Amino acid sequence: MTYKSLSVYSSIIISVFCFLLCIRKSCGQTEITPWQNDKKGAISITYDDGNRNQFKVALPLMEGVKLPATFFIITGPIKGSHYRGQFIGRPVEELIKESATIPTSANNFFERASASRYLGYAGASESFDQNTGVSIYYNRADAFYKSGKKDSAYFEMDKLYQLVREEKLERGKYTSLELSQEEGLSWDKIKEYAAKGYEFASHTVTHAHLAILDTANMFYELKKSKEDISDHLGLKYTFSAEIPFGIDDPRVMKYSMPVYQALRNRMTDPYLEEINRGFKADPGLSAKPYVQWQRGPVTNTPLWLMKSWVDTTLAHHNIWLVLVIHGVGNLGWEPLARPLLENYFHFIKKDENDLWVATFGDVARYIRERMHARISEQNKDHKIIITLSHSLDTAFYDLPLTLKTYLPDDWGKVNIVQRNQLRIGIVKKDKKGTYILYQAVPGQGNIILSKLRR
Ligand SMILES: [Zn+2]
């Protein structure tokens with residue numbers, strides 16, 4: 001036998017020996033649990049539009065049972081905001097004049113649609129049944145454009161600009177239901193709520209139809225909203241966003257995705273399947289590591305159905321149920337009644353041992369950190385030393401991950417040290433062996449586990 005084959009032979013023997021030792025002790029294995037604290041699934045409760053009753057009615061109910069939530073707020077109308085809705089472009093008088101001789105086409109549609117709310121006419125309501133107002137034409141143009149009927153969208157713009165030229169609309173400042181329902185909300189109040197753990201995230205400056213805005217105005221809606229949130233709450237709160245009306249228009253997504261880390265509209269992570277509000281696919285059939293399952297309860301949604309979404313989440317291991325709520329009480333789009341919300345929140349709370357209820361941003365962070373994590377483990381001087389890191393931007397991705405490390409069977413209590421902070425954990429057992437669950441922040445130095453000796 002040559003020296004080389006002897007060496008290969010002996011290393012095989014050593015490997016087999018170590019393998020047997022590890023089987024006996026289930027050692028040498030650290031994994032990141034799919035959800036924080038090794039829960040079976042996750043739920044994020046999210047609210048759109050920042051309407052007053054979300055804070056007056058729903059927030060106190062959630063506070064009563066200690067449930068977190070995410071509020072997608074329209075930043076323009078908030079007291080103390082630096083940026084209000086405005087048109088970025090040529091003077092609107094020029095556009096109005098031009099519209100008398102140049103019909104709306106692909107060349108000017110986005111510009112005219114972007115300016116349409118800033119022509120000096122009230123458009124008091126977004127509803128379709130009122131027969132005057134800028135918003136009707138603006139809304140219809142958006143609906144036609146999104147359904148591919150571009151000529152009909154251009155026609156709506158032509159009608160609007162004609163009415164403006166003929167002074168046939170009510171003069172005044174544009175507003176919409178969403179904007180008026182948020183009135184009264186201030187950054188001071190938002191800061192108070194944020195300090196309690198609620199996530200605040202962007203729903204643009206004015207709740208605009210982004211699909212029919214030109215690039216300059218789309219960026220204004222996206223970036224100025226982000227700036228106000230960053231100025232008042234800090235960079236951390238610019239993580240999540242929801243582009244109004246739940247759209248996933250490719251052009252809007254292309255411009256929005258680089259501005260915010262996680263859009264509720266659309267996340268393109270390959271390990272995440274998305275079932276949006278309008279889709280009926282069974283989340284239990286997905287083979288991907290994670291499924292973001294959005295459900296949007298409306299006024300007539302029965303409570304039993306809403307509860308069944310929670311049960312479905314519990315019955316699998318990869319579902320992130322994202323609830324999308326708009327109106328509350330008697331205010332807002334498709335409002336949910338207070339007693340129903342109260343009942344539902346208690347129902348969710350009772351399963352909190354198995355369900356991770358967290359903000360939209362925290363669940364998105366957790367999933368991405370876990371899927372981008374690198375982990376290594378070393379046994380030295382009766383200690384287990386874990387290195388945990390990820391390749392993401394640590395300005396946003398600093399959420400602790402839950403690690404599960406299998407230990408020798410004779411460990412009972414464990415010292416867990418990261419960055420000189422000592423915690424003591426108690427081991428648990430499953431069919432693979434004795435393990436410890438603990439939280440660790442990626443990239444914050446080694447985590448050292450040692451047996452606590454009495
Ligand atoms: Zn909205």
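Here is a walk through this structure, from the whole chain down to single pairs of residues. Keep in mind that what you see is a predicted model.

Let's start with the big picture. The chain has 454 residues, and 40% of them are buried. If you follow the C-alpha trace along its principal axes, it spans about 95 × 55 × 40 Å. Along the way you'll meet 13 helices and 18 strands. Contacts across the chain are worth a thought too: among those between residues at least 6 apart in sequence, 70% join residues at least 24 apart.

How is the chain divided into domains? Domain 1 is pieced together from 38–74, 184–202 and 211–365, while domain 2 covers 92–165 and domain 3 covers 373–451. Between the centres of domain 2 and domain 3, taken over C-alpha atoms, there are 59 Å.

Now find helix H13, residues 360–371. Its 12 residues reach 17 Å from the first C-alpha to the last, close to the 16 Å expected at 1.5 Å a residue. Is H13 mostly covered or mostly open? Mostly covered, with 11 of its 12 residues buried. Among them are Phe360, Val363, Tyr366 and Ile367, but also Asp362, Arg365 and Glu369. Here's a handy bit of background for looking at any helix: an α-helix has 3.6 residues a turn, so residues three or four places apart point the same way.

Next, the sheets. In general, strands of a sheet pair through backbone hydrogen bonds, either parallel or antiparallel. One open sheet here has five strands in the order S11-S12-S18-S14-S15, and the pairing is antiparallel. At its edges sit S11 (373–380) and S15 (421–426), each pairing on one side only. On average, neighbouring strands of this sheet are turned by 20° against each other, direction ignored.

Zoom in on S14, residues 413–418, in that sheet. Six bridges join S14 to S15, and the two run antiparallel. Valine 414 stands opposite glycine 425 in S15, and isoleucine 416 stands opposite arginine 423. S14 and S15 form a hairpin with two residues between them. Look in the turn for arginine 419, which has a positive phi of about 50°. S14 also pairs with S18 (residues 447–451), antiparallel again, through five bridges. Which residue of S18 is the bridge partner of valine 414? That would be lysine 451. So valine 414 has a partner in S15, glycine 425, and another in S18, lysine 451.

There's another open sheet to visit, with four strands in the order S1-S13-S17-S16 and antiparallel pairing. Its edge strands are S1 (30–32) and S16 (428–430), each of which pairs on one side only. Neighbouring strands in this one are turned by 35° against each other on average, direction ignored. Inside the sheet, S13 (residues 401–407) and S17 (residues 433–440) pair in the antiparallel sense over seven bridges. To spot one of these pairings on screen, pick leucine 403 and look across to S17, where tyrosine 438 is its bridge partner.

How values were computed. Residues numbered from 1 in each chain as written. Predicted model: local features only at pLDDT ≥ 70, side-chain atom pairs only at ≥ 80, totals over all residues. Pairing = 2+ DSSP bridges. Axes fitted to C-alpha atoms, helices over the stretch in contact; angles between N-to-C directions. Buried ≥ 20, exposed ≤ 12 C-beta atoms within 10 Å, placed from the backbone. Contact = placed C-beta atoms within 7 Å. Expected span 1.5 Å × (residues − 1). Domains from an automatic or database assignment.
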